[in-house]
Amino acid sequence: MTATTQAPAETSTPTAARGVEMLTMAQALNRALRDSMAQDESVLVFGEDVGPLGGVFRITDGLTAEFGEQRCFDTPLAEAGIMGFAVGLAMNGMRPVVEMQFDAFAYPAFEQVVSHVAKLRNRTRGALSAPIVIRIPYAGGIGGVEHHCDSSEAYYAHTPGLHVVSPSTPADAYTLLRAAIASPDPVVFLEPKKLYWAKGEVDLDAPAEEIGTARVVREGTDATLIAYGPSVPTALEAAEVAATEGRSLQVVDIRSIVPFDDETVCAAVRSTGRAVVVAEASGFASVASEIAARVTERCFHHLAAPVRRVTGFDIPYPPPKLEHFQLPSVDRILDTVDELNWEDA
Amino acid sequence: MQRGVESLLPSEEPVQHLGADGRLTPLGESAKPDDEALLEGYAALVAARRLNDQAYALVRQGRLAVYPSSHGQEACQVAASLVLGRRDWLFPTYRDSAAVVARGVDPVEVLVLLKGDWHAGYDPREHQVAPQATPLATQLLHAVGVAHAATLRGEDTVVMALCGDGATSEGDFHEALNFAAVFKCPVVFFVQNNEYAISVPLARQSVAPSLAHKGIGYGIPGERVDGNDLAALLSVLGDAVTRARDGEGPQLVEAHTYRMQAHTNADDATRYRNDADVQAWVHRDPLTRVETYLRERGLLDDAKAADLAEAAEVVAARVRDGLNTDVEPDHRTLFDHVYARRTPQLEEQAALVADELSRETATEEAR
């Protein structure tokens, strides 16, 4: 394979410090792909328009030029085909990283994901595995037309055998994608579209981590906001506003929906006694519902109020001029926080 | 590179080397079947037929939950495996147990799926045989991926991907052929057209001139072959494997055969087809014609036939023994292979089952 000779020199000197860079999430994801491809020649990146174009969001920009068209390539326009092809490549020693162009365009691949990607290890009792990363530009808030703004995480989170993660910062985008590609199991990697151009510091020397941990991203004492992916910045903004009104809100970034970090989330909720889950997806039978149920079961005696959810309505994602009604807003979060039985405090 | 349509077209009639009467056709005369290969194939046919009938009987005895038999399709089963080399891969469906066994996998392990102990009973890596696929046509894409990975590494692996006539209606069939063609993957797509998808006849799947013609739309050469003629199958599939190995890309082969028994034991075939239709295929049995041919050539006599039958019987006995032995499945396997490492949630759930079991044991001991 051509990649062998094209691996950048940095792979031979992994200790060379590269420092902290200010990157957009899109750039951080691109760096993660490049670094993983350079480190492991079995990593293949493919999908629709990911080759010379660099993907419709430019996440794969420059990869074909750097690693050759055997390592980063366009496929026929067929999502089930892409996913089934990835399963076979994984069965035969490769680490495919596939891009589903948009959240709602991934549905044709659903059977391959549920029946094969998620189950290959289990049905063969560990003889075979499917270390595939399924990258999905995900969720709304960008004024996209229909079929471009779905929050589809619950479908994947409900499927045993898949890991499901969503970063909210460029730094997490980098480390989580590196971790996803290194994972021995399939990872659905949900990239919040509206955060692609948000900038942040990325420590390119950050130690490798495993998927599965949440993080307290803002300390607070009165109530805990639990969010992931695109909803984390909104939750942080709500906490900022609440602080000016004299209320101290803690914010937990879930980061990994599956596996779920009960320990961190529950410790956080127990410390405040109140919790609101914030997510863009429709609320019924959602990840937010699962989090609310888990927290209630595990923290019941520490709770001063029922765990509340601020989610999208149970409607198809609205057209651009109406989407602000669907997205959890700072006001809606703060209104909900106001209802957490403060009179009993 | 565009190929002319003419080069992609299957033959006018299914390729036949041995007629139903066991005589060589004119095409067979010129092809000169290899005696040794046919004799080896016949031994595998006898074993495959015995396996099918044994498994069918084990369902009636309640030892297997169900068995989708390939009775009548054994020539396809055997040929699909015999044309492969050790480094090649086979991608079978649930009806291809006999093909999996012909590739060397232990039949007792093959039947674990239908016994209910676990899903895939064998290690796919040992003989390069993928787990038998139940969701139709999905495995064809996996076959293309396996082939492409081999090509990227410069290996000369060929992948034999099996499916039935019904599966050609699935989207994954089309996507697999298209991917294989675009990436020029060494895959032989082998369709066993046995005329029925459970109860639905071929006419409701397709009005194409033949299923082999479907290759044209993808730029893949198609061929059709008498699926009850082992000699023709070994020749057509063997050539397809050779061309794939030589870098000519994927090919589509359709075998015309017939499912002599119901879809599974749970099916009632009398609701959708006449006994007369089935009887018409008895005369085209894949074993009879090879046996007739080999006996006329002096390559098979009663003593040799008895040896083959006995060898098949030994395997059948082992299958019976294997399936009559109850092994208590380990409950820990419920949680062990969902991920490389159990999640904290699965640890909790595994502990719950262990706790239930320990309390059951305690209750029993207290009695």
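Here are some short exercises on this predicted two-chain model, each with a worked solution.

Before you start: residues count from 1 along each chain as its sequence is written, and chains are lettered from A, with ligands numbered from 1, in the order in which they are written. The model is predicted, so local features need pLDDT of at least 70 and side-chain atom pairs count only at pLDDT 80 or more, while totals for chains, interfaces and linings use all residues.

**Exercise 1. Find the domains of chain A and describe how they meet.**

Step 1: Get the bounds, which come from an automatic or database domain assignment. For chain A they are domain 1 (3-203) and domain 2 (215-340).

Step 2: Check the spacing: the two C-alpha centres in chain A lie 27 Å apart.

Step 3: Look at the contacts (C-beta atoms, placed from the backbone, within 7 Å). Here 25 residues of domain 1 of chain A meet 23 residues of domain 2 of chain A.

Step 4: Sort the domain 1 side by class. You get twelve nonpolar, eight polar and five charged residues. In this scheme Ala, Val, Leu, Ile, Met, Phe, Trp, Tyr, Cys and Pro are nonpolar, Asp, Glu, Lys and Arg are charged, and the others, Gly among them, are polar.

**Exercise 2. Work out what chain A brings to its contact with chain B.**

Step 1: The contact takes 36 residues from chain A and 34 residues from chain B.

Step 2: On the chain A side, helix H4 (79-91), helix H5 (110-117) and helix H6 (120-123) each supply at least two residues. Helices here are DSSP runs of H or I, at least four residues long, and strands are E runs of at least two, numbered from the N terminus.

Step 3: H4(A) gives the largest share, nine residues.

Step 4: By class, the chain A side has 16 nonpolar, 14 polar and six charged residues.

**Exercise 3. Compare the length and burial of H9 and H16 in chain B.**

Step 1: Work out the expected span, 1.5 Å times one less than the number of residues. For the 15 residues of H9(B), 138-152, that should be 21 Å, and the end C-alpha atoms are 22 Å apart, which agrees.

Step 2: Do likewise for H16(B), residues 344-366: its 23 residues reach 33 Å from first C-alpha to last, close to the 33 Å expected.

Step 3: Now burial. A residue is buried if 20 or more other C-beta atoms, placed from the backbone, lie within 10 Å of its own, exposed if 12 or fewer do, and partly exposed in between. H9(B) is mostly covered, with 14 of its 15 residues buried. In H16(B) the number buried is zero, so that helix lies largely in the open.

Step 4: Look just past H9(B), where B:Gly154 takes a positive phi of about 80 degrees.

**Exercise 4. Is B:Phe189 buried or exposed, and what does it touch?**

Step 1: Place B:Phe189: it sits in strand S3 (residues 187-193) of chain B.

Step 2: Count neighbours. B:Phe189 has 31 C-beta neighbours inside 10 Å, so it counts as buried.

Step 3: List the contacts, leaving out residues up to four places away in sequence: B:Leu140, B:Ala161, B:Leu177, B:Pro250 and B:Leu252.

Step 4: Check a partner along the chain: B:Val159 is 30 residues away in sequence, yet the two C-alpha atoms are separated by 8.5 Å.
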